[in-house]
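Biologist: I am new to this structure and would like a close, unhurried look at the part around the bound molecule. Please begin with how the whole is laid out, and then work inwards.

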Amino acid sequence: MTSLVLSASRILLIIGGGVAAYKSLELIRRLRERGAQVRVVMTAAAQQFVSSLSAAALSGAAVRDDLFSLVEEAEMGHIELSRAADLIVVAPATADLLARMAQGIANDLASTTLLATDKRVLAAPAMNVRMWLHPATQRNVATLRADGVAFVGPDEGEMACGEFGPGRMAEPLAIVAAIERALTRSTIIPLSGGSPLSNGSPSRGPLTGKHVVVTAGPTFEPIDPVRFIGNRSSGLQGYALAEAAAAAGARVTLISGPVGLPDPPGASVIRVETARQMLAAALAALPADVFIGAAAVADWRVEAASDQKLKKDARGAPSLSLVENPDILAQIAATSPTRPRFVAGFAAETENVVENAKRKLSRKGCDLIVANSVADGSGVFGGADNEVHIVTASGVESWRRMSKPEVADKLIEFVAARMGSA
Ligand code: CTP
């Protein structure tokens, strides 16, 4: 379960005072099982929700909560806390903590550490929907984004307070993915995309001026209004590609099947369910310079999905007649005159990985196939890492096992180089 990005990393986790603090305990576990070293700072309010004893036990290190503790400061001062970290993660980032961060207020250990740091900061907001939507919070978030703070979430859904809407903290695994992205990325792109950051890193790059379309996630093919045929694709690789392309300066359209991931920074996301919807969205997104089909499109759909929920009756189990779905990648590669200059697809194989990928390259008419093994035990589907072979007409490159964000960065670099030299 170790992750190459996380295994050598040092994360300083600041836990704010919100109901979602219990999810931060899970976050510590997920980070540690991937090999990260985690140090925890808790606000006074956080300790109303979870105990520092739990956080200490899970992180394997003493938890810091007091700016004025002579003993703790002597052991590791608050400046050193941030110096000794690769990334600071604020989760849950409450409305109060975000406000203090935005204003530069340093009135406890958490806020002082955040003001004293020059390290990258990732915040996972969590609060009541009205607090999140309040102009004051939105102003603070905009200020923090402009300062280079990265955000993951909040998610939309039912909240502990019984209300519904945006404000739930992102799930621990989504935060882990955002941490990996933040650690592998040299620039932080604001969630809304667009403006350059105040840290001086422009959102210009090798793909500036280019339009990149990415498909990601599974497709769900309905059987009836409540049931579907789907697959285990997490969408992580496609989302990481969309983020990497945006970080390289591209305008990015991400066409996503149903996944539980937050929108990647800098991409416009079109959400679809079925393969046919994905195809329509992909065709509508053209013209594009680059198309990357990372979605695990369902090969078949039910020929005649039922309008009504299928009921158990004396006739026994229904038999489903399947028909083939359109091949999105092949169709995009065959569009004329709107064919993107570079079309890349993935080949998920359980055997003869490279040979099958070479066949797919010519059968689908694309310029590159990223071939990976999804055999039992590879852990690729839904997993954090990927081990891929890059198959083009000019040969095969095998890359070492690395995290999906790293694969994404390298692949975008590869594509940008091809675009430059074409
Ligand atoms: N793909 C697509 N539309 C489909 C099926 C696949 O766009 N209906 C794309 C995927 O996004 C991926 C590539 O084609 O980039 C290969 O997907 P894969 O499932 O490995 O190949 P299949 O074409 O389904 O072939 P097979 O399952 O027979 O290996």
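Modeller: The centres of domain 1 and domain 2, taken over C-alpha atoms, are separated by 33 Å. Domain 1 covers 10–184, while domain 2 is made of 211–303 + 319–421, bounds that come from an automatic or database domain assignment. Please keep in mind that this is a predicted model, in which local features need pLDDT of at least 70 and side-chain atom pairs count only at pLDDT 80 or more, whereas totals for chains, interfaces and linings use all residues. Residues are numbered from 1 along each chain as its sequence is written.

Between the two domains, 11 residues of domain 1 are in contact with 11 residues of domain 2, contact meaning that the C-beta atoms of two residues, placed from the backbone, lie within 7 Å. On the domain 1 side of this meeting place, helix 10 (residues 172–184) gives the largest share, five residues. By character, that side holds four nonpolar, two polar and five charged residues; here Ala, Val, Leu, Ile, Met, Phe, Trp, Tyr, Cys and Pro count as nonpolar, Asp, Glu, Lys and Arg as charged, and the others, Gly among them, as polar. Helices (H or I, at least four residues) and strands (E, at least two) are DSSP runs numbered from the N terminus.

With that layout in mind, we can turn to the ligand. It is surrounded by 15 residues, of which the closest are Gly 293, Val 297, Ile 328, Leu 329 and Gly 345; a residue is near a molecule if its C-beta atom, placed from the backbone, lies within 6 Å of it. Strand 16 provides the largest share of this shell, four residues, and helix 13 (328–333) and strand 16 each supply at least two. The shell as a whole is made up of eight nonpolar, four polar and three charged residues.

Two of those closest residues, Gly 293 and Gly 345, also face each other across a pair of strands, since Gly 293 stands opposite Gly 345 in strand 16. The pairing is between strand 13 and strand 16 (residues 342–349), which run parallel and are joined by four bridges, and two strands count as paired if DSSP finds at least two bridges between them. In general, strands of a sheet pair through backbone hydrogen bonds, either parallel or antiparallel.

Strand 13 (residues 290–293) is covered on both faces, with Val 290 and Ile 292 buried on one side and Phe 291 and Gly 293 buried on the other. A residue is buried if 20 or more other C-beta atoms lie within 10 Å of its own, exposed if 12 or fewer, and partly exposed in between. Strand 13 is also joined to strand 8 (residues 211–216) by four bridges, and these two strands run parallel, with Val 213 opposite Phe 291.

Strand 16, for its part, is joined by six bridges to strand 17, again running parallel, and Ala 344 stands opposite Leu 368. Strand 17 (residues 368–373) is largely enclosed by the rest of the structure, because six of its six residues are buried: Leu 368, Val 370 and Asn 372 on one face, and Ile 369, Ala 371 and Ser 373 on the other.

Three residues of strand 17, namely Val 370, Ala 371 and Asn 372, are in contact with Val 388, as are Trp 399 and Val 407, leaving aside neighbours within four places in sequence. Val 388 lies in strand 19 (residues 388–392), and it counts as buried because it has 26 C-beta neighbours inside 10 Å. Val 388 and Gly 365 are 23 residues apart in sequence, and their C-alpha atoms are 20 Å apart in space.

Finally, consider the interior. The largest nonpolar core, a set of buried Ala, Val, Leu, Ile, Met, Phe, Trp, Tyr and Cys residues joined through C-beta atoms within 7 Å, has 121 residues, and those with the most contacts inside it are Val 214, Leu 241 and Ala 245. Its largest share, nine residues, comes from helix 11 (residues 236–247), and it draws at least three residues from each of domain 1 and domain 2. Leaving aside neighbours within four places in sequence, Val 214 is in contact with Gly 238, Leu 241, Ala 242, Ala 245, Val 252, Leu 254, Ile 292 and Ala 294. One of these, Ile 292, brings us back to strand 13, where it is buried on the same side as Val 290.
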